[in-house]
Amino acid sequence: MQVRLSIQNIEFGYGRDRVLDNISLELNASEIVAVCGPNGVGKSSLIKCISLILNARGRICIDGRDIKKMNKRDLARKIGYVPQYIPNVFSLTVFEMVLMGRRPHLGWKSSRTDRKKVVEALSLMGIEALAMRDFNELSGGQQQKVIIARALAQEPDILLMDEPTSNLDLKHQLEVMALVRKLAATQSISAIMALHDLNLAARYADRIIVMKGGQIFCQGDAGTVLTPANIQSVYGVKAVVRQEADRPYIVPLDPTL
């Protein structure tokens, strides 16, 4: 299986506070990896280090190339980043916001191909009707889908997604996760996504990485990783793990019972 992304001995911290401690992992072509764990274990920091938003010690390679030696334009053609939080932006239409994802491909001005890719991304997310709306006037869930569309418009090989379903209702959570699953199968896109929802991770990820204290506690397929013992150790919560359609699903138990 082709290794698309290689992360070796990543370390990151703020001052004396170590956030990531000796993280190493690989991401294969067409693979979806979910990074799970409690708040504060370094999930978002890991995503930001891979995307070079944060400067970590260690080595990160895409297709064998050290990303710190790649120019920003080439890197943006490889990686699409979907942040957890969306800051206020200048007044832009949804179409203009998604067109920003074409910047790695743009010449002096947008081409017919660029505009076509924007329309395709909007269609994939089911938000064509929002194209001329002001981005700042949308709901949080709508904005989240626009940001995902912007990343898709980049035509990246790898999607880095920090809680991509956090602002979405149940139906749209499933739609987004199913779309990423479809893109992995049909377009060989790989994805690393930080997720809080263990059941979404179990249903859609090929591999789950569970973090604890800035380190990888365990990793593997959902059936191997999502055990009552692991959940108790990492989250401090007792849970029942059942099987549905060959996938585990987690039922947390009331700690007072």
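This tour proceeds through the structure one selection at a time, from the overall fold to single residues.

**Before selecting anything**

The model is predicted, so local features are described at pLDDT of at least 70 and side-chain atom pairs at pLDDT 80 or more, whereas totals for chains, interfaces and linings use all residues. Residues are numbered from 1 along each chain as its sequence is written, and side-chain values use heavy atoms, with hydrogens and water left out.

**The whole protein**

Display the full chain as a cartoon. The protein has nine helices and twelve strands; these are DSSP runs (helices H or I, at least four residues; strands E, at least two), numbered from the N terminus. The radius of gyration is 19 Å, close to the 18 Å given by the globule rule for 257 residues, so the protein is as compact as a globular protein of that length. That radius is taken over C-alpha atoms, and the globule rule is 2.2 Å times the number of residues to the power 0.38. Along the principal axes, the C-alpha atoms fill a box of roughly 60 × 40 × 40 Å.

Next, colour by accessibility. Of the 257 residues, 48% are buried; buried means under 20% relative accessible area, exposed over 50%, and partly exposed in between (1.4 Å probe, protein chains only). The accessible surface comes to about 13100 Å², and 50% of it belongs to carbon and sulfur atoms. These areas come from the Shrake-Rupley method with a 1.4 Å probe; for residues, only the protein chains shown count as cover. Among contacts (heavy atoms within 4.5 Å) with a separation of 6 or more, 65% join residues 24 or more positions apart.

**The nonpolar cores**

Select Val98 and Ile208. In the largest nonpolar core, which has 54 residues, these two touch the most other members. Helix H5 gives the most to this core, with seven residues. A nonpolar core is a set of buried Ala, Val, Leu, Ile, Met, Phe, Trp, Tyr and Cys residues joined through side-chain atoms within 4.5 Å. Apart from this core lies another, of 31 residues, including Val19, Leu25, Cys49 and Met70.

Now centre on isoleucine 208. Leaving aside neighbours within four places in sequence, its contacts include Ala34, Cys36, Cys218, Val225 and Leu226.

**Helix H4 and its surroundings**

Select residues 112-125. This is helix H4, whose 14 residues reach 20 Å from first C-alpha to last, close to the 20 Å expected at 1.5 Å a residue; the expected span is 1.5 Å times one less than the number of residues. Which residues of H4 are buried? They are Asp114, Val118, Ala121, Leu122 and Met125. Seen down the axis, the buried residues fall within an arc of 100°, so they line one face of the helix; the arc is that of the directions from the helix axis to the C-beta atoms. On the other side of H4, Arg112 and Lys116 are exposed. Show helices H3 (94-99), H5 (140-153) and H6 (170-187), which are included in what covers the buried residues of H4. Just after H4, glycine 126 takes a positive phi of about 70°.

**Within the covering helices**

In H3, select glutamate 96, which is partly exposed at 38% relative accessibility. Its C-alpha is 12 Å from that of alanine 153, although the two are 57 residues apart in sequence.

In H5, select glutamine 144. Its relative accessibility is 0%, and it counts as buried. Beyond residues up to four places away in sequence, glutamine 144 touches Val82, Pro83, Gln84, Ile86, Glu163, Pro164, Asn167 and Leu168.

In H6, select leucine 174, partly exposed at 26%. Outside its neighbours within four places in sequence, leucine 174 is in contact with Leu200, Arg203 and Tyr204.

**Positive phi values**

Most residues other than glycine have a negative phi. Select glutamate 155, in the loop between H5 and strand S7 (158-162); its phi is positive, about 55°, and it is partly exposed at 37% relative accessible area. Then move to serine 188, in the loop between H6 and strand S8 (190-194). Its phi is also positive, near 60°, and serine 188 is partly exposed at 34%.

Finish at helix H1 (43-50), where six of the eight residues are buried: Lys43, Ser45, Leu46, Ile47, Cys49 and Ile50. Leucine 52, which follows H1, has a positive phi near 70°.
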